[in-house]
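Student: I have a model open in my viewer and would like to learn how to read it. Could you walk me through it, one feature at a time?

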Amino acid sequence: MKRRTFLLRSSAGAASVLAFPRLMSGFEKASAGGSAGAIPKVSGVFAESSETLKVAIVGCGRCGLRSSEILLGLNMGVRIVAIADAFADCAQSLRDRLSQKYGRDMFDVPPSRVFIGLDSYLGAVNSDADIVVLATPPVFRPREVAACVAAGKHFLMEKPVCVDPVQARQMRPLARAAKNANLTAVCGLQRRYHMGYREAAARVAGGDIGEITHAQCFWFLPHFDGMDVKACRDDFNFDGLEYQLRNWAMFVWASGDHIVEQQVHNLDVMSWIFGRKPEYVNGLGGRGVDLPMPEFGNRFSHFSVDYDYGGGVHLQASCRQEPGTDYMVLERVFGTKGVLETNMFGETFIRGEKNWIAKRPPEPVVQLHKELVESVRGSLGVNQIDSATDSSMMAVAGRLSAYSGRRFRYSWAELKSRESLMPAKLEFGRLPVAPLAVPGKYKLV
């Protein structure tokens, strides 16, 4: 299929499947060069190796900055040409930092290509960028991915790629559409780019630890993400959209809670190694911190979830973000012939009949961006939407079980749950904070 033919078909298809509002401010319409519904004019998406690849950054916080600096430091012919954020001060901060550090050959973003507002992602996607980096709060990932697919743009999507079952189901047709268009769609689940993890997964698949009997994964941190509160000019304070977006990691609707936003890394490794979905989910959790609500959000501080794979095989996934506690981040898989332990910040090894220790690899997050560029230049069409959705949905199911205190079939959560966290009307102003979930009272829908 020719590229323009795909754009004409997929724009209508993505809109009908997801029905996302395509809103743009007057400034963004003028900057993007047309109405929100128009087919965008794009540069050569499948660029030759000698051509400069143009990149747009959506989300100007920590992850947006990191991707910008990695891409510009690769020496692979990349130029940033547009940036977007909900807040002007965040966009300006990123623009000032990158323009001072890099020359115009690498960072070419005039004011006309700085897009601001809740729909600013559309301005960046509809620019002439070849690649779009999606680094906003995860609740926005499906609508951003839909825009990239409709525009025929390659993209890097930060994890997780959904925060509820409704969004997980929205991602499936996007995966197929991106695949049909040979678009590169990589995810920030960086353990997939760790050479030690790659070899470990291959060794388990090859039988080095025998049959898997059970597994564990841990993400214990001595702090509560987001507790360094960012100032807000919103008169509504904690009950306002501005405050909650600036401090999104502490609010369930925006982050999915930390089991989804952070432990998804652990669960992605387990999904990769197990190669199948669990049959049942049974979790617990709570808020064990004395940080006041809603100033410090409405999410839990700890979870422990039993994923039952059938046949007596279980995964116990635990995570904690509580100040003053001990740190531990790793994954373990137990087999009939040995034990695998993977650790991105320490040793990755097998102990048993076939002992093995992984060599220290290149920085995985740098490898991720390198392979992103290589896939675009080589028209390889690397597509991680489905695998990233599987891992994100595992985390969502764990949250649902812990919030409700209920054990349920995983397939129910994946295919039938109607829980949706995205606000029905997204606009600046008052946004009431949902109460803390109480197991036994929180209703599954």
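Tutor: Gladly! Let's begin with one pair of residues: leucine 53 stands opposite valine 78 in β2. Keep in mind as we go that this is a predicted model.

Student: Which strands pair in the parallel sense over 6 bridges?

Tutor: Those are strand β1, residues 53-58, and strand β2, residues 78-85. As a general idea, side chains in a regular strand alternate between the two faces of the sheet.

Student: What is the strand order in the open sheet of 6 strands?

Tutor: Read across, the order is β3-β2-β1-β4-β5-β6, and the pairing is parallel. At the edges stand β3 (114-116) and β6 (185-187); each has a single partner strand, so one side of each has no neighbour in the sheet. On average, neighbouring strands here are turned by 20° against each other, direction ignored.

Student: Which helix packs on the sheet?

Tutor: Helix α13, residues 364-377, does, touching β1, β2, β4 (131-134), β5 (154-157) and β6. The direction of α13 makes about 165° with that of β5.

Student: Where is glycine 77 found?

Tutor: Look in the loop between α3 (62-73) and β2. Glycine 77 counts as partly exposed because its relative accessibility is 35%. Beyond its sequence neighbours up to four places away, glycine 77 touches Glu51, Thr52, Leu53 and Arg377. It also shows how a fold brings distant parts of a chain together: glycine 77 and valine 373 are 296 residues apart in sequence, with 9.2 Å between their C-alpha atoms.

Student: Now for antiparallel strands. Which strand does β8 pair with over 7 bridges?

Tutor: Strand β8 (residues 280-286) pairs with strand β9 (residues 302-310) in the antiparallel sense. To find a matched pair, pick asparagine 282, whose bridge partner in β9 is aspartate 306. Strand β8 is also joined to strand β15 (residues 407-409), by 3 bridges and again antiparallel. There, tyrosine 280 stands opposite arginine 409 in β15.

Student: Is serine 318 buried or exposed?

Tutor: Serine 318 is buried, because its relative accessible area is 11% and the cut-off for buried is under 20%. This serine lies in strand β10, residues 313-321. Leaving out residues up to four places away in sequence, serine 318 touches Cys217, Phe218, Trp219, Phe220, Gln263, Phe303 and Ser304.

Student: Which residues touch the most other members of the largest nonpolar core?

Tutor: In this core of 66 residues, they are Trp253, Leu267, Tyr307, Leu315 and Leu340. Helix α14 (residues 385-404) gives the most to the core, with 8 residues. You can trace the contacts of tyrosine 307 yourself: beyond four places in sequence, they include Leu267, Pro278, Tyr280, Leu315 and Met394. Apart from this core lies another, of 34 residues, among them Cys148, Val149, Ala175 and Ala178.

Student: How many disulfides does the structure hold?

Tutor: In general, a disulfide is a covalent bond between the sulfur atoms of two cysteines. This structure holds 0 disulfides.

Student: Why is the sulfur of cysteine 162 too far from the closest cysteine sulfur for a bond?

Tutor: The closest cysteine sulfur, in cysteine 187, is 9.9 Å away, whereas a disulfide needs the sulfurs within 2.5 Å, so the pair is too far apart for a bond. Cysteine 162 also counts as buried, at 0% relative accessibility. Cysteine 148 likewise counts as buried, at 0% relative accessibility.

Conventions
Residues numbered from 1 in each chain as written. Predicted model: local features only at pLDDT ≥ 70, side-chain atom pairs only at ≥ 80, totals over all residues. Heavy atoms only, no water. Pairing = 2+ DSSP bridges. Helix = DSSP H or I, 4+ residues; strand = E, 2+ residues; numbered from the N terminus. Buried < 20%, exposed > 50% of the residue type's maximum accessible area, 1.4 Å probe, protein only. Axes fitted to C-alpha atoms, helices over the stretch in contact; angles between N-to-C directions. Contact = heavy atoms within 4.5 Å. Core = buried A, V, L, I, M, F, W, Y, C linked by side-chain atoms within 4.5 Å.
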